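Colleague: I am new to this structure. Please take one part and go through it closely.

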Amino acid sequence: MDSTLLKFALLALAISVAPAAALEQNCRFIQAKPDREACYKRQEEELAAKRKPAAPTDESKTFETLRQMRQGDDAVYRSINNICRGC
């Protein structure tokens, strides 16, 4: 079972890497220097667009959620402290 899972993971990795390698090879075989450089520039722009960081709104939502959870926890702790233990 583990070897099947490993083979599947390797296959998925090979498939995901193949398109990037194919793009790089296409530019390499262009004979005219200006065309080849334009191809490399397009590739660079495409990769930069894919690597853009996630929108900062996602991060701010995460911090807002954590802040709300902390406020809820503080309210629970305050209510627990008001309980008489061993009166």
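What follows is a request about the disulfide and a walk from there through the rest of the chain.

Colleague: Which residues does the disulfide join, and in which helices do they sit? Please set the link in its surroundings, too.

Modeller: A caution comes before the details. This is a predicted model. The mean pLDDT of the protein chain is 77. At least 70 is reached by 63% of the residues. Confidence also varies by element: α1 is lowest, with a mean of 64, and α2 is highest, at 90. Where pLDDT is low, the predicted coordinates should not be read in detail.

Now the frame. The protein chain has 3 helices and 0 strands. Read from the N terminus, the order is α-α-α.

Here is the part you asked about. The disulfide joins Cys27 to Cys39. The count is 1 disulfide. From S to S, Cys27 and Cys39 are 1.7 Å apart. A disulfide is a covalent bond between the sulfur atoms of two cysteines. Cys27 belongs to helix α1, which covers residues 2-28. Cys39 belongs to helix α2, residues 33-50. The two cysteines are 12 residues apart, and the pair links distant parts of the chain. The link also has a hand. The angle about the S-S bond is -70°, and the link of Cys27 and Cys39 is left-handed.

Are these cysteines buried or exposed? Cys27 is buried, and Cys39 is buried as well. Set that against the whole: of the 87 residues of the protein chain, 3% count as buried. The protein chain exposes about 8,200 Å². Carbon and sulfur atoms supply 60% of that area.

Stay in helix α2 for a moment. Lys33 and Glu37 form a salt bridge there. Their closest N and O atoms are 4.0 Å apart. Why can the two be paired along one helix? Lys33 and Glu37 are 4 residues apart in helix α2, so about one helical turn separates them. Glu37 is partly exposed, because its relative accessible area of 44% falls between the limits of 20% and 50%.

The search of the whole structure finds 2 salt bridges. Another one lies in helix α3, which spans residues 56-81. There, the side chains of Arg67 and Glu64 meet, at 2.4 Å from N to O. Arg67 and Glu64 are 3 residues apart, about one turn of the helix. Both ends are partly exposed. Arg67 has a relative accessible area of 41%. For Glu64, the value is 33%.

Helix α3 also leads to a surface feature. Val76, Tyr77, Ile80 and Ile83 form a nonpolar patch on the surface. Together they have about 380 Å² of accessible area. Ile80, one of these residues, is found in helix α3. Ile80 is partly exposed, with a relative accessible area of 34%. A patch residue needs over 30%, so Ile80 passes that cut-off.

To return to your part: the disulfide ties Cys27 in helix α1 to Cys39 in helix α2. Keep the confidence in view there: the mean is 64 in α1 and 90 in α2.

How values were computed: Residues are numbered from 1 along each chain as its sequence is written. This is a predicted model: local features need pLDDT of at least 70, side-chain atom pairs count only at pLDDT 80 or more; totals for chains, interfaces and linings use all residues. Side-chain values use heavy atoms; hydrogens and water are left out. A disulfide is a pair of cysteine sulfur atoms within 2.5 Å. Buried means under 20% relative accessible area, exposed over 50%, partly exposed in between (1.4 Å probe, protein chains only). Accessible areas come from the Shrake-Rupley method with a 1.4 Å probe; for residues, only the protein chains shown count as cover. Patches are made of residues with over 30% relative accessible area and no salt bridge: like charges are joined within 9 Å, nonpolar side chains (Val, Leu, Ile, Met, Phe, Trp, Tyr) within 5 Å. pLDDT is the predictor's confidence in each residue, from 0 to 100.
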